[in-house]
Amino acid sequence: MRYMAARTGRHLQRYNKDHRLVVGCIPYRYKNGKKYDDELEVLVISSKKSESMMFPKGGWEIDESVEEAASRESLEEAGVLGNVECELGRWIFKSKSRELYHEGFMFPLLVTQQLDLWPEKCARKREWMSVGEAREACTQWWMKEALDKLVDRLTSSSILKQDIL
């Protein structure tokens with residue numbers, strides 16, 4: 001894989017009426033790589049502007065699908081690659097830095113590779129946490145709701161698979 005630079009600028013950004021469209025992922029893995037037999041971990045990153053923690057997210061651009069945008073943001077901000085899964089939901093939230101509202105789409109990302117070098121490595125910290133730790137550390141209410149949806153989805157599919165076996 002070649003090293004890439006993070007996209008910058010807003011000239012390719014998508015908007016829905018007066019809402020900027022943003023896309024993010026909740027990168028996750030199982031602590032020892034064993035699905036259903038192990039503890040779920042999620043990857044959180046620091047904000048560029050503060051020490052607050054969140055999941056990777058950013059603008060959805062006109063030259064990419066929503067899944068491509070989610071994958072790109074996870075690579076640029078957290079340095080992880082993986083499988084983007086079915087959308088967790090959509091949220092409308094107010095920007096912290098401006099008087100704008102955003103419409104945010106969140107996806108689970110089952111991590112398959114964690115890179116040592118990534119575009120925003122010098123600008124952000126990343127940390128694997130338990131779900132409880134991430135819920136405490138994450139400062140954005142809508143990302144906490146997305147995390148709850150992910151846990152519900154993974155727990156439901158785990159129970160269903162165990163019932164089938």
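**Exercise 1.** Which residues does Gln140 touch, not counting residues up to four places away in sequence?

*Solution.* The model is predicted, so local features need pLDDT of at least 70 and side-chain atom pairs count only at pLDDT 80 or more, while totals for chains, interfaces and linings use all residues. Residues are numbered from 1 along each chain as its sequence is written, and side-chain values use heavy atoms, with hydrogens and water left out.

Step 1. Apply the rule for contact, which is heavy atoms within 4.5 Å. Gln140 then touches Met54, Lys57 and Lys96.

Step 2. Locate the residue. Gln140 lies in the loop between helix H2 (131–137) and helix H3 (141–164). Helices (H or I, at least four residues) and strands (E, at least two) are DSSP runs, numbered from the N terminus.

Step 3. Classify Gln140. Buried means under 20% relative accessible area, exposed over 50%, and partly exposed in between (1.4 Å probe, protein chains only). Gln140 counts as buried because its relative accessibility is 9%.

**Exercise 2.** Describe the surroundings of strand E3 (residues 40–46).

*Solution.*
Step 1. Check burial: 7 of the 7 residues of E3 are buried.

Step 2. Sort the residues by direction. In a regular strand the side chains alternate between the two faces of the sheet. Leu40, Val42, Val44 and Ser46 point one way from E3, and Glu41, Leu43 and Ile45 point the other way.

Step 3. List the partners; two strands pair if DSSP finds at least two bridges between them.

- E2 pairs with E3 in the antiparallel sense over 3 bridges, and Tyr28 stands opposite Val42 in E3.
- E9 (residues 126–130) pairs with E3 in the antiparallel sense over 5 bridges, and Ile45 stands opposite Arg126 in E9.
- E4 (residues 53–54) pairs with E3 in the antiparallel sense over 2 bridges, and Ser46 stands opposite Met53 in E4. A hairpin of 6 residues joins E3 to E4.

**Exercise 3.** Classify the aromatic pair of Tyr28 and Tyr30.

*Solution.*
Step 1. State the rule. Rings of Phe, Tyr and Trp (its six-membered ring) pair if their centres lie within 6.5 Å; planes under 30 degrees apart count as stacked, over 60 as edge-to-face and the rest as tilted. This rule gives 4 aromatic pairs.

Step 2. Apply the rule. The centres of Tyr28 and Tyr30 are 6.1 Å apart with 85° between the planes, and the pair is edge-to-face.

Step 3. Check burial. Tyr28 is buried because its relative accessible area is 1%, and Tyr30 counts as buried because its relative accessibility is 12%.
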